[in-house]
Amino acid sequence: QVQLVESGGGLVQAGGSLRLSCVASGSIFSFNAMAWYRQAPGNQRELVATITRGGSTNYAISVKGRFTISRDNAKNIVYLQMNSLKPEDTAVYYCNLGLASGDLFNPNGPRGQGTQVTVSS
């Protein structure tokens, strides 16, 4: 059984940085990609970034140039480095396993419990 555990969230001032981590345990070989999503109260869940097993990445326009997704395949860890944070980045951030095909991501795998990111102005 695959489990995902996120960490690294917290409270930061606008302009600051945080690095989120997502550790996967169990067999993840049936999934070829990992994504970070976020959801703010009253908003729909937003796909933030994806990374394939081979290292190909995609980003939402709202975070491109500020966030970087990376992975350590040996340790089954995916990171989300978030720089130049804005109050509108405030949300619960989730990692989600799935299948990527081109620019499309299907979140058909397990999801973590989420980690809260709060950016103050």
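In this predicted model, Glu 6 is buried yet takes part in no salt bridge, the nearest side chain of opposite charge being that of Arg 111, at 6.5 Å. Because a salt bridge is counted when a side-chain nitrogen of Lys or Arg is within 4 Å of a carboxyl oxygen of Asp or Glu, the separation of 6.5 Å from Arg 111 does not qualify. Glu 6 belongs to strand 1, which spans residues 3-7, and its side chain reaches backbone nitrogens instead: that of Cys 95 at 2.9 Å, and that of Gly 114, likewise at 2.9 Å. When residues up to four places away in sequence are left aside, the residues touched by Glu 6 include Ser 21, Cys 22 and Trp 36, together with Tyr 93, Tyr 94 and Cys 95, and also Gly 112, Gln 113, Gly 114 and Thr 115.

Arg 111, named above as the nearest side chain of opposite charge to Glu 6, lies over the face of Tyr 94, at 4.1 Å from the ring centre. Tyr 94 is itself among the residues that Glu 6 touches. An arrangement of this kind is also found at Tyr 37, where the charged end of Arg 45 sits over the ring, 3.8 Å from its centre.

Tyr 37 also takes part in an aromatic pair, and a search of the whole structure finds one such pair. Its partner is Phe 105, and the two rings are tilted with respect to each other, with 6.4 Å from centre to centre and 50° between the planes. Since Tyr 37 lies in strand 4 (residues 33-39) and Phe 105 in strand 10 (residues 104-106), the pair ties together parts that are 68 residues apart in sequence. Both Tyr 37 and Phe 105 are buried.

The backbone was also considered. Most residues other than glycine have a negative phi. Asn 76, although not a glycine, has a positive phi of about 55°, and this residue is found in the loop between strand 7 (67-72) and strand 8 (77-82). With a relative accessibility of 26%, Asn 76 counts as partly exposed. Ser 84, which is not a glycine either, has a positive phi of about 50° and is found in the loop between strand 8 and strand 9 (91-101). The relative accessibility of Ser 84 is 42%, so this residue counts as partly exposed.

Key
Residues numbered from 1 in each chain as written. Predicted model: local features only at pLDDT ≥ 70, side-chain atom pairs only at ≥ 80, totals over all residues. Heavy atoms only, no water. Phe/Tyr/Trp six-rings, centres within 6.5 Å; stacked < 30°, edge-to-face > 60°. Helix = DSSP H or I, 4+ residues; strand = E, 2+ residues; numbered from the N terminus. Buried < 20%, exposed > 50% of the residue type's maximum accessible area, 1.4 Å probe, protein only. Lys NZ or Arg CZ within 6 Å of the ring centre and 35° of its normal. Lys, Arg positive; Asp, Glu negative; His and termini not counted. Polar contact = N/O pair within 3.5 Å; in protein donor to acceptor, adjacent residues only side chain to side chain. Contact = heavy atoms within 4.5 Å.
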